[in-house]
Amino acid sequence: MKKIFTLVAMAMFAVAVNAQDHEPGLYECKSITWGDITWTNGNNKKDNDNNDMLFLMGTGNGYATLLAEYFYSENQAQYMTRPAYTYIDYENGQTGAPAYGLYYKLTPKVDGVLKFNTWVNKGNRKTFVVKASDGKPLEPYVDYSFEGYVNGQNETKMIDEKEVSVPRYLTAADIKQRVDDENAKRAGESKDPINKYVIELGNQPVWGWISLNVSANESYYIYQQTSQLGFGGYTFTPNNGVAEDYVAVVDMGGTKVLAPEFAAVINESGKATNVDIRGSVVAFGTTNMSAEACGGAVPTDVEADFTKPTGIETVKAAEVKANAAMFNLAGQQVNGAFKGMVIQNGKKFIVK
């Protein structure tokens, strides 16, 4: 079943009258139609001993804002509306949690060490581990580390007297060295370095453990802007305490069983039943760690509120100042040939 959230009430007559008066641009949403949210066991991987690593998958991404883009489709020969979203960009000083899933939030009750087991859809997308109190992202391999496996990095091992191709386990130092080597190569070619919040250089899935020291009563967001994060569980070791584990998916004799907190909010088809405007929020934890996961859904349709434009201007590429850097909504720098919504000098524009 599709989920429809009406954000602003407005007469349909006003929509019909005003729609033709606007140039292509961005507007607040009158309503949003979301696809279903699922919490499922998926994208499972192997470890270096050929054992299964199981991950809970939430659909969608985490959006900071969701707007309605009204544009002219040359293929359809008519004006149309489609979702236009932005992401929380902690690198540029934004704070808070995404308004719409997908992210994870963990809050220890005592100081300790957190190892968060995750599957990352794209290792070369910015992965943010953020202190909620100040919104500042932690820096990979400085404030936290990632160790585990990279898709395509395999080796052959003898297991049960057979040669088996298994993922090669990479330490945090191994993965950092891969990034450092790539940056050295780019420097020699006068290319921009890899963004410092990227945990692995390749456009490949990675899976393993994000590890960091955490402080009592401080919350930590784990979030990617334009990709997905699977959740396998965590190990939290309090200082001078006993390690405690949370496992998201358990293999029960070949049957994959979700942790009870997640199983409680899905129906027989695996669709979330506790959906609100944020997504599907599931609380869980162990003795000294409380956590929540916010699963998102993909916006399939939006209805524009033409009485409330966002103030984002529509300009031609030639009118954009050539000496100021432009960025797309994913935070990637673009050149003058780019068409679409850009951010320049702190302002948003539609370049056409």
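The exercises below work through confidence, strand pairing, burial and salt bridges in one predicted protein model.

Residues are numbered from 1 along each chain as its sequence is written, and side-chain values use heavy atoms, with hydrogens and water left out. Because the model is predicted, local features need pLDDT of at least 70 and side-chain atom pairs count only at pLDDT 80 or more, whereas totals for chains, interfaces and linings use all residues.

**Exercise 1. Find which elements have the lowest and the highest mean pLDDT, and which stretches stay under 50.**

Step 1. Start from the chain, whose mean pLDDT (the predictor's confidence in each residue, from 0 to 100) is 84, with 85% of its residues at 70 or more.

Step 2. Among the elements (helices, H or I, of at least four residues and strands, E, of at least two, taken as DSSP runs and numbered from the N terminus), helix α1 (residues 12–19) has the lowest mean, 32, and strand β18 (residues 244–247) the highest, 98.

Step 3. Over residues 4–23 pLDDT stays under 50, although the model has 40 contacts (heavy atoms within 4.5 Å) for them beyond four places in sequence. The stretch 314–318 is also below 50, with 14 contacts beyond near neighbours in sequence. Where pLDDT is low, the predicted coordinates should not be read in detail.

**Exercise 2. Establish the strand order of the open sheet that contains β16, and decide whether the faces of β16 are covered or open.**

Step 1. Collect the pairings, where two strands pair if DSSP finds at least two bridges between them. Strand β16 (residues 220–224) is joined by five bridges to strand β11 (residues 127–131), running antiparallel, and F128 has Y223 as its bridge partner.

Step 2. Strand β9 (residues 103–108) pairs with β16 over three bridges, likewise antiparallel, and K105 stands opposite Y221. Further along, β22 (residues 279–286) and β23 (residues 289–295) share seven antiparallel bridges, with V282 opposite A293.

Step 3. The six strands therefore follow the order β11-β16-β9-β23-β22-β21 with antiparallel pairing. At the edges stand β11 and β21 (275–276), each with a single partner strand, so one side of each is left without a neighbour in the sheet.

Step 4. For the faces of β16, apply the burial classes (buried under 20% relative accessible area, exposed over 50%, partly exposed in between, with a 1.4 Å probe and protein chains only). Y220, I222 and Q224 on one side and Y221 and Y223 on the other are all buried, and both faces are covered.

**Exercise 3. Locate the salt bridges of E69 and of E91, and state whether each partner is buried or partly exposed.**

Step 1. Count salt bridges by the rule (a side-chain nitrogen of Lys or Arg within 4 Å of a carboxyl oxygen of Asp or Glu), which gives 13.

Step 2. E69 and R82 meet with N to O at 3.1 Å. E69 lies in strand β7 (residues 65–73) and R82 in strand β8 (residues 78–86), so the pair ties together parts 13 residues apart in sequence. E69 is buried, at 15% relative accessible area, while R82 is partly exposed at 38%.

Step 3. E91 and K126 meet at 2.9 Å, N to O, and this pair links the loop between β8 and β9 with the loop between β10 (112–120) and β11, 35 residues apart. Here E91 is partly exposed at 31% and K126 is buried at 10%.

Step 4. Finally, D89, E91 and K126 are linked in a network of salt bridges.
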